[in-house]
Amino acid sequence: MKIRHGLLLSAALLLAGCSWMPHFGHKDKAPQQLTLMKSLTGEVDYTLTHELPADAYLDVTLADVSKQDAPARIIATDHIAPIGASPVTFVLSYEPSALGSGVDFAVSATIKQGDRILARNDTQVSVLGRSGNEGPVRVVIAEIH
């Protein structure tokens, strides 16, 4: 009976030691932080006086426009080709940490053919940050003459 208890005690100590062993010799590592992507959705509404060329495309951009004296920092884009009938839906996926310390964000939309701009929004569409607008958003674009 004493031998049986001794064996059980030895086995329990051995198992307890095994659970400790994987940690031996390893430096403490910071746990990996998982971030979930977020999305900002909306529609681009356009009216043109002529038909869109077959190779036209729509670029929708989410940018940090917090700094007046610096170019906007692009956070996310959605490239849509071919362009369907108006309104065109878009999804801007971004990592929340990519927003950084920005407080003013805007969505812009441009219809292009190659490098040529055919239409774009002429009013700022504020989102996220101070605006609190988390979508869906509506961007109206006008033809460039």
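In this predicted model, a polar atom in the side chain of asparagine 133 sits 2.9 Å from the backbone nitrogen of glycine 135. Asparagine 133 belongs to the loop that runs between β7 (125–127) and β8. With a relative accessible area of 28%, asparagine 133 comes out as partly exposed. Setting aside residues up to four places away in sequence, asparagine 133 touches Leu40, Ser126, Val127 and Leu128.

Stepping back to the whole chain, the protein has 1 helix and 8 strands, and their order along the sequence reads α-β-β-β-β-β-β-β-β. Of the 145 residues, 28% are buried. The accessible surface adds up to about 10,400 Å², with carbon and sulfur atoms supplying 57% of it. Among contacts with a separation of 6 or more, 65% are between residues 24 or more positions apart.

Phenylalanine 105 offers a look at some of these contacts. Its place is in strand β5, which covers residues 105–113, and at 2% relative accessibility phenylalanine 105 counts as buried. Not counting neighbours within four places in sequence, the residues in contact with phenylalanine 105 include Leu62, Ala63, Asp64 and Val65. Ile75 and Leu99 are also on that list, as is the run Val125, Ser126, Val127, Leu128 and Gly129. Three of the names in that run, Ser126, Val127 and Leu128, turn up again among the residues touched by asparagine 133. As for asparagine 133 and phenylalanine 105 themselves, their C-alpha atoms are 9.7 Å apart in space, and 28 residues separate them in sequence. For phenylalanine 105 and aspartate 64, the C-alpha to C-alpha distance is 4.5 Å, although the two are 41 residues apart in sequence.

Aspartate 64 leads on to the charged pairs. Side chains of opposite charge can pair when their charged atoms come close. The structure holds 2 salt bridges. One of them joins aspartate 64 to arginine 73, with the closest N and O atoms 3.1 Å apart. Aspartate 64 is buried, at 11% relative accessible area, whereas arginine 73 is partly exposed at 35%. In the other salt bridge, the side chains of arginine 138 and aspartate 45 meet at 2.6 Å, N to O. Arginine 138 is in strand β8 and aspartate 45 is in strand β1 (residues 38–46), so this pair ties together parts that lie 93 residues apart in sequence. Arginine 138 is exposed, and its relative accessible area is 53%.

Strand β8, which spans residues 137–143, also holds glutamate 143. Here the picture changes: glutamate 143 is buried but has no salt bridge. The nearest side chain of opposite charge is that of arginine 116, and it is 7.3 Å away. A salt bridge needs the nitrogen and the carboxyl oxygen within 4 Å, so the distance of 7.3 Å to arginine 116 falls outside that cut-off. What glutamate 143 does have is polar contacts through its side chain. One, at 3.0 Å, is with the side chain of threonine 49, and another, at 2.7 Å, is with the side chain of histidine 50. Leaving out neighbours within four places in sequence, glutamate 143 is in contact with Leu48, Thr49, His50, Leu118 and Ala119.

Terms used: Residues numbered from 1 in each chain as written. Predicted model: local features only at pLDDT ≥ 70, side-chain atom pairs only at ≥ 80, totals over all residues. Heavy atoms only, no water. Helix = DSSP H or I, 4+ residues; strand = E, 2+ residues; numbered from the N terminus. Buried < 20%, exposed > 50% of the residue type's maximum accessible area, 1.4 Å probe, protein only. Lys, Arg positive; Asp, Glu negative; His and termini not counted. Polar contact = N/O pair within 3.5 Å; in protein donor to acceptor, adjacent residues only side chain to side chain. Contact = heavy atoms within 4.5 Å. Areas by Shrake-Rupley, 256 points an atom, 1.4 Å probe, with all protein chains shown as cover.
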